[in-house]
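Please read the following report alongside the sequence and the model. It is written for a reader who wants the cut-offs stated with the results.

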Amino acid sequence: MLASLRTAALFGVEACPVHVEVDVSFGLPGFTMVGLPDASVRESRDRVRSAIRNSGFEFPAHRITVNLAPADVRKVGASFDLPIALGILAAQGVVERRHIADLVLLGELSLDGSIHPTRGVLPIASAAKRDGVAGILLPASNAGEAAIVSGLAVFGVSSLTEAVRALNEPASVQARSVPPPAVSIGEFADLADVRGQRLARRALEIACAGGHNLLLVGPPGAGKTMIARRVAGLLPPLSFEEALEVTAVHSVAGLLPAGSGLLASRPFRAPHHTISNAALVGGGSQPRPGEVSLAHHGVLFLDEMLEFSRHVLEVLRQPLEEGSVTIARAARSAIFPARFMLVGAMNPCPCGFLGDTLRECRCTPQQVERYGHRLSGPLRDRLDLTVDVPALPPDTLGAIEGGESSATVRARVVAARARQHERYSPTSGRTNTELTPALMRRHCLVDPAGRRVLTAAVTRLALSARGYDRVLKVARTIADLEGVTSIAADHIAEALQFRMTD
Ligand SMILES: Nc1ncnc2c1ncn2[C@@H]1O[C@H](COP(=O)(O)OP(=O)(O)O)[C@@H](O)[C@H]1O
Ligand SMILES: [Mg+2]
């Protein structure tokens, strides 16, 4: 007897359909699996056998062959357990085959027959909808995530027995149609807590308005970390499409809280400086997204940026330039999205007190120079705004006014971004930082006085071509915050003021 069921395999944040064919035939008892299953899938034989027996069903003492098709797609992970078990039961006639064809099935079984949550449900559910499948049967704690995809019947089950009942008596189970409310992945502290630091606040606002990368430089205790932690709270709320992408990445990483639905807030990721390349940009035999992808549509904060190994910093260049990460594998490469705002913080010198009015710097000029050179030129070029964060004398700190709240600044950021979306394309969500050369020629028109300032700066600051473009993009954002079309000399001058030089 043959049974055929639908499930899916993940590639990056994409899902592709996989068919599980189960044949139970007379012959010497055995259980073979064909169709490029990886070791993690071959292990499912033992789980499936125990789960079927421990759920009170009979495990056939026959020859069982499981084929996973298409054969050229590498199958990884434990989510094939449930379709394989149901296929064996269907081949024996224990499970009705009528409804199976309309459903995508997935879930990891434990030996007692209970079902564990699985990762990547949102992309799998979206793909199922796209392929015209009527419904999805999956672990109960993933049901909310699947219900985000409207028009798909979602059946959440917590054991093999429940799954069998759902297929045999569909009327007895209620399909889930309403996703749980969106959850926040972080509360952001308010900018009003930061006293003084007028220049840093301005740089922060410009960076958020145009999606530019930002570097904060200052002595220990100056408030760099404090300021950086407030960046994500200044960005506009995620659009629905953005929230879908953010949720899909977190789902594939296995980082969605159980039972949750759409993620509502902008990601803020702050990896430690001991992070490996793979953890930063993604990797693994079963490719998982790294920090740059978990920060997609949000902020990647590298505190004490020069403590990161140079090698690790260099791998940031591809995602910074392309907005995505490609993890090449022999079978098929995975692409993860990675459009994030990079925020870095560093001390100005090894001891930290260079330029400080309160404490004396003990570093030699050579030490200072070597320190700065840990950031490579190409990476420096991509840090659009660099701002000094001086230490405020502790005894005066209390007397300095707190500044504007995050909500006030965010309102201006939202208005400036609205101008950009209107100008470029309302649907792409493109910001100034992502301007192509063609769009720059059209939309970054500089008036004659501005052009003179820019030309003078190219020689004075030895700007690279990339640096030049980046200055222009930042100036575009400054003009957008002001609500003017043409870029003027003062916009260029302010953008140059935030340009890091040697
Ligand atoms: N401008 C400021 N306004 C309010 N508190 C500040 C300010 N600067 C520093 N602080 C206080 O000092 C602490 C240390 O700041 P931190 O962000 O850790 O400094 P850094 O990262 O530059 O070493 C903060 O948690 C905050 O309590
Ligand atoms: Mg700090």
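The report goes from the overall build to the domains, the strands, the core, one residue and the ligand shell.

This is a predicted model, in which local features need pLDDT of at least 70 and side-chain atom pairs count only at pLDDT 80 or more, while totals for chains, interfaces and linings use all residues. Residues are numbered from 1 along each chain as its sequence is written, and chains are lettered from A and ligands numbered from 1 in the order in which they are written.

**Overall build.** The C-alpha atoms of the protein chain fill a box of roughly 85 × 45 × 45 Å along the principal axes. Its secondary structure comes to 21 helices and 18 strands, where helices (H or I, at least four residues) and strands (E, at least two) are DSSP runs numbered from the N terminus. Of the 502 residues, 44% count as buried; a residue is buried if 20 or more other C-beta atoms, placed from the backbone, lie within 10 Å of its own C-beta atom, exposed if 12 or fewer do, and partly exposed in between. Among contacts with a separation of 6 or more, 75% join residues 24 or more positions apart, a contact being two C-beta atoms, placed from the backbone, within 7 Å.

**Domains.** The bounds below come from an automatic or database domain assignment.

| Domain | Residues |
|---|---|
| Domain 1 | 2–172 |
| Domain 2 | 191–428 |
| Domain 3 | 435–502 |

The C-alpha centres of domain 1 and domain 2 lie 41 Å apart, and 18 residues of domain 1 are in contact with 20 residues of domain 2. On the domain 1 side of this contact, strand 1 (2–11), helix 4 (121–130) and helix 5 (143–146) each supply at least two residues, with helix 4 giving the largest share, three residues. By class, that side has ten nonpolar, five polar and three charged residues; here Ala, Val, Leu, Ile, Met, Phe, Trp, Tyr, Cys and Pro count as nonpolar, Asp, Glu, Lys and Arg as charged, and the others, Gly among them, as polar.

**Strand pairing.** Two strands pair if DSSP finds at least two bridges between them. Strand 1 and strand 2 (residues 14–25) run antiparallel and are joined by ten bridges, one partnership being that of Ala3 with Val22. The two strands form a hairpin with two residues between them, and Gly12 in the turn has a positive phi of about 60 degrees. Strand 2 also pairs with strand 4 (residues 63–69), in the antiparallel sense, over seven bridges, and Asp23 stands opposite Thr65 in strand 4.

**Core.** The largest nonpolar core has 134 residues, such a core being a set of buried Ala, Val, Leu, Ile, Met, Phe, Trp, Tyr and Cys residues joined through C-beta atoms within 7 Å. Ala146 is one of the six members that touch the most others, and, not counting residues up to four places away in sequence, Ala146 touches Val121, Ala125, Ile136, Leu138, Leu152 and Val154.

**Thr477.** This residue is found in helix 20 (residues 465–482), and Thr477 counts as buried because 30 other C-beta atoms lie within 10 Å. Leaving aside neighbours within four places in sequence, its contacts include Ile206, His212 and Asn432.

**Ligand 1.** The shell holds 14 residues, the closest being Arg195, Gly223, Lys224, Thr225 and Met226; a residue is near if its C-beta atom, placed from the backbone, lies within 6 Å of the molecule. By class, the shell divides into six nonpolar, six polar and two charged residues.
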